Amino acid sequence: MPDTIRAADALARRLYAAGCRTAFGMPGGEVLTVIDALEAAGIRFILAKHENAAGFMAEGVHHRDHAPAILIGTIGPGTLNGVNTVANALQDQVPLIVISGCMDADEAQNYTHQVIDHQAVFAPVTKATFRLSAGAAHTIADKAVAIATEGRMGPVHIDVPISVANAPVSQTAPAPRAKASPAAPSGSDLATARHWLENAQRPVMIVGVDALNQHAHTAVVEFAEDHNIPVITTYKAKGILPEDHALSLGGAGLSPLADTHLLPFVKAADLILCVGYDPIEMRLGWQDVWDPAQQNVIDISAVPNHHYMHQATLNFVTDCAASLRALSDGLDVQETWAEGEIYKLKQALTIDFPNDDDWGPAAVIDTCRKVLPRDTIASVDSGAHRILLSQMWECYAPRDLMQSSALCTMGCAVPMAIGAKFAAPDRPVVSFCGDAGFLMVAGELATAAELDVAPIFVVFVDASLALIEKKQRERQLPNIGVDFAQHNFAAMGVAFGGAGVTVRNRAALETALNDALKAETFTVIAAIIDQGAYDGRI
């Protein structure tokens with residue numbers, strides 16, 4: 001056995017040790033050694049049709065295997081195509097390893113074709129950016145994984161010069177660095193927090209993506225049940241408490257209609273527990289909702305509060321599960337919200353988000369939820385349909401609804417669903433996409449066909465940027481740049497090797513869904529709805 005390996009092999013082997021088994025992207029001459037090293041290490045490289053979609057496919061896999069996602073881009077335009085998905089990973093806390101190929105430093109001094117400073121581009125939208133060097137290949141690989149996955153998760157970029165990828169390095173990697181143990185609150189602040197919890201009559205939990213990434217869902221469920229505390233989640237954290245649970249108040253963040261009920265409830269609470277809550281997912285209505293001088297507010301998060309979207313009475317920069325156990329240990333269960341406020345709020349939300357429409361976006365969502373199995377994995381991209389679906393789609397497990405909830409990126413749902421179905425072939429997977437977002441990524445249907453995966457792609461077809469058109473009308477502005485032609489989306493599905501169906505009523509949708517669940521190929525279901533169908537609904 002040789003004493004040396006390529007620097008690219010050192011990087012690939014560290015990623016394999018971190019649990020990575022797939023990488024997505026598009027090749028170029030500058031990354032061929034990296035791709036070869038990944039395959040040699042046991043990490044399959046999957047060709048996407050665009051780097052931005054590749055990043056979302058990688059995220060779809062991450063939500064199933066919890067390993068860092070990997071995006072590969074070649075020099076210049078290839079790597080730059082992925083900037084949006086990298087920025088999304090930073091805001092949505094996705095541990096994405098971004099590997100780009102680049103010219104050698106000496107060569108770049110007198111060769112300018114496609115040469116661009118990748119590190120300068122990615123510095124603002126990553127947790128860290130490295131330029132791989134042979135002497136530090138093992139260390140850079142280990143740092144990249146650690147920075148991406150520890151604390152508040154996020155993307156890390158590694159620029160790999162052509163000659164460095166092939167440079168010989170020691171086969172023996174340094175001993176792995178020990179991970180930090182989960183921290184819990186202690187001392188007088190913990191005693192104060194426990195006193196507040198013991199005496200709270202109207203407590204509420206707001207749970208966010210830190211709790212999701214720390215796998216704290218069991219601790220959240222046990223804490224909520226032990227202390228009769230209702231749970232509001234951000235959209236990204238939906239399903240941490242199954243949403244058919246009596247204490248679940250569903251997701252929050254984008255819907256002004258839902259806020260008319262949720263915000264007064266929060267303002268009436270005498271104890272607010274923010275558990276891994278990152279308000280980057282929320283809108284202005286959630287800014288300074290409570291007064292920590294008048295309400296007891298406990299903030300448990302992975303990093304200090306530098307967002308200033310809200311303030312707390314006590315701040316614990318600690319692990320969510322460990323903190324909940326420290327707060328709860330030995331305290332008795334007591335009655336909360338004695339006037340039935342939890343039930344009344346759930347009923348009010350049910351009334352304002354009815355599921356009995358004959359047809360329209362709410363009927364599409366309701367029919368899908370009733371027909372598709374309980375363990376269905378769903379994805380949704382940005383638009384009016386996402387606001388409605390995130391309120392109406394009941395989610396029963398963490399990560400079973402995937403979306404771009406911080407950056408709010410159009411077109412993410414299709415590649416996320418492809419990645420999820422590839423990683424979990426035995427689970428039903430459905431993508432909910434607006435027609436405009438679908439057009440941005442329709443080429444990835446070819447990737448689904450090439451991977452032989454069979455997700456269901458539901459497209460809301462109203463030939464409009466519905467949310468922007470709605471805002472335009474509400475501001476009494478002329479209709480400009482929001483409408484487009486109504487295309488045959490079902491035919492696109494057939495053209496790329498799948499099935500395609502156009503539906504205009506519940507019965508046809510139900511039939512299409514049942515057929516799609518049994519199909520060996522993917523299915524595009526084009527649901528035709530009226531323009532303006534979201535008025536009064538979100």
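## Cysteines

Cys320 has a relative accessible area of 0% and is therefore buried, a term used for residues under 20% relative accessible area with a 1.4 Å probe and protein chains only. Cys395, with a relative accessible area of 1%, is buried as well.

The count of disulfides comes to 0, where a disulfide is a pair of cysteine sulfur atoms within 2.5 Å. Cys320 is in no disulfide, and the nearest cysteine sulfur, that of Cys274, is 11 Å away. The sulfur of Cys395 cannot form a bond because the closest cysteine sulfur, in Cys368, is 15 Å from it, which is too far.

## Basis of the values

This is a predicted model, in which local features need pLDDT of at least 70 and side-chain atom pairs count only at pLDDT 80 or more, while totals for chains, interfaces and linings use all residues. Residues are numbered from 1 along each chain as its sequence is written, and side-chain values use heavy atoms, with hydrogens and water left out.

## The largest pocket

The largest pocket (an open set of points on a 1 Å grid over the protein atoms alone, where a 1.4 Å probe fits, with protein on both sides within 12 Å along at least five of seven lines) holds about 840 Å³ of space. Its lining, meaning residues with an atom within 4 Å of a point, numbers 33 residues, and Thr149, Glu150, Gly151, Lys179 and Ala180 lie nearest the centre.

The elements α1 (7-17), α8 (137-149) and α11 (209-213) give two or more residues each to this lining, helices being DSSP runs (H or I) of at least four residues. The largest share, 4 residues, comes from α8.

Conventions: Buried < 20%, exposed > 50% of the residue type's maximum accessible area, 1.4 Å probe, protein only. Points joined across faces, edges and corners; volume = space filled by probe spheres on them.
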